[in-house]
Amino acid sequence: THRLLAASSTNNVRTTLLVRDEKKARDLFPDAAATSNLTLVKGDYEMSQEDFAAAIAGHSRLFILVHDLSRMGAIKHKIGKIAYEAGVRQIVDISSFTLDFNRVGAISQAHTEGEERLRGLAYEQPDKRFYVSLRPGYFMTNHLMWDIHSIKMADSIFGTLPSSFNYGLIDPRDIGDIAANVLLDPVEKHGNAVYEIFPEKMSNEERARVFSKVLGRDIRYQQLDHQTLFDRMNQGMGGKAPFQLLYCLLSGRDMPRATPEICLLLGKAPRKFEDWLQENKAPFMK
């Protein structure tokens with residue numbers, strides 16, 4: 001959101017942000033809130049169709065990011081239908097690389113349904129409606145959630161897969177920059193594109209080496225059995241972790257390729273994992 005608002009401000013584009021708490025939004029985005037280009041509308045997934053229709057009226061683009069896996073398809077369909085019927089020409093959606101998993105797992109299932117429902121709405125009027133799907137890989141920031149404690153306490157990254165297993169990594173700032181660029185470009189340039197965005201391929205062993213280099217101490221990758229790691233992760237979430245989410249996280253698939261071509265969407269080289277870690281190493285230090 002920071003990247004989108006910064007881009008809209010720089011390019012003098014009027015933007016409406018749907019928020020649950022206006023004060024919190026102003027505190028989070030003070031620079032954007034200080035301009036006349038940003039309008040804050042209070043609302044959430046449960047707001048009435050009439051209220052959302054009033055908020056979206058007059059807009060030509062919509063950026064959508066939904067976290068609720070259990071209702072993702074329904075939420076995206078509701079919002080997308082109102083937006084297209086109000087005259088929005090382009091929807092840019094944050095989806096997931098897990099669509100390659102063919103609905104196996106809760107994450108793949110949710111994002112597949114979300115894409116299908118939004119794309120179906122766009123195809124009802126293909127000359128007027130466009131839908132762009134961004135499918136990011138593994139967020140670099142996920143290390144702050146899943147690996148921080150094992151690195152601080154045991155100088156280790158834990159996983160259930162071999163050390164040669166590859167992740168496709170992306171800095172979330174690059175996701176925001178790509179979304180902003182697509183929204184600022186002519187609608188016809190991207191049409192109904194699907195963009196896979198994970199520019200850096202890195203194995204478990206390679207990630208451990210980068211952590212060792214940046215943190216200045218030996219970090220190793222340890223392969224654990226599924227039950228042991230499930231119990232560790234669940235405990236770290238207070239015993240309240242959604243079973244389907246942890247199941248998906250512990251049954252990943254090797255990503256044999258990367259997508260460095262996203263430099264064409266960014267207009268610059270994508271950020272590297274080592275650079276991200278240099279900027280964010282403080283939480284991992286003992």
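Reader: Which word applies to Tyr247, buried or exposed?
Author: In this predicted model, residues are numbered from 1 along each chain as its sequence is written, local features need pLDDT of at least 70, side-chain atom pairs count only at pLDDT 80 or more, and totals for chains, interfaces and linings use all residues. Side-chain values use heavy atoms, with hydrogens and water left out. Buried means under 20% relative accessible area, exposed over 50%, and partly exposed in between, with a 1.4 Å probe and protein chains only. Because the relative accessibility of Tyr247 is 52%, this residue counts as exposed.

Reader: What is the relative accessible area of Phe243?
Author: Phe243 and Tyr247 both lie in helix H13, residues 243-249 (helices are DSSP runs of H or I with at least four residues, numbered from the N terminus). They are 4 residues apart, about one turn of that helix. Phe243 is exposed, because its relative accessible area is 53%.

Reader: How far apart, centre to centre, are the rings of Phe273 and Trp276?
Author: Rings of Phe, Tyr and Trp (its six-membered ring) pair if their centres lie within 6.5 Å; planes under 30 degrees apart count as stacked, over 60 as edge-to-face and the rest as tilted. The planes of Phe273 and Trp276 are 15° apart, and the pair is stacked. Their centre-to-centre distance is 6.0 Å.

Reader: Which helix holds Phe273 and Trp276?
Author: Both of these residues are buried. They stand 3 residues apart, about one turn of the helix. That helix, residues 273-279, is H15.

Reader: Which residues form one aromatic cluster with Phe273 and Trp276?
Author: The stacked pair of Phe273 and Trp276 belongs to one aromatic cluster. The other members of this cluster are Phe211 and Phe284.

Reader: What is the angle between the planes of Phe243 and Tyr247?
Author: A pair of aromatic rings is described by the distance of the centres and the angle of the planes. A search of the whole structure finds 9 aromatic pairs. Phe243 and Tyr247 form one that is tilted, at 5.8 Å centre to centre. The angle between their planes is 40°.

Reader: At what distance from the ring centre of Phe101 does Arg253 lie?
Author: A charge sits over a ring if NZ of Lys or CZ of Arg is within 6 Å of the ring centre and within 35 degrees of the ring normal. Arg20 lies over the face of Tyr45, at 5.6 Å from the ring centre. Arg253 lies over the face of Phe101, and its distance from the ring centre is 4.5 Å.

Key:
Helices (H or I, at least four residues) and strands (E, at least two) are DSSP runs, numbered from the N terminus.
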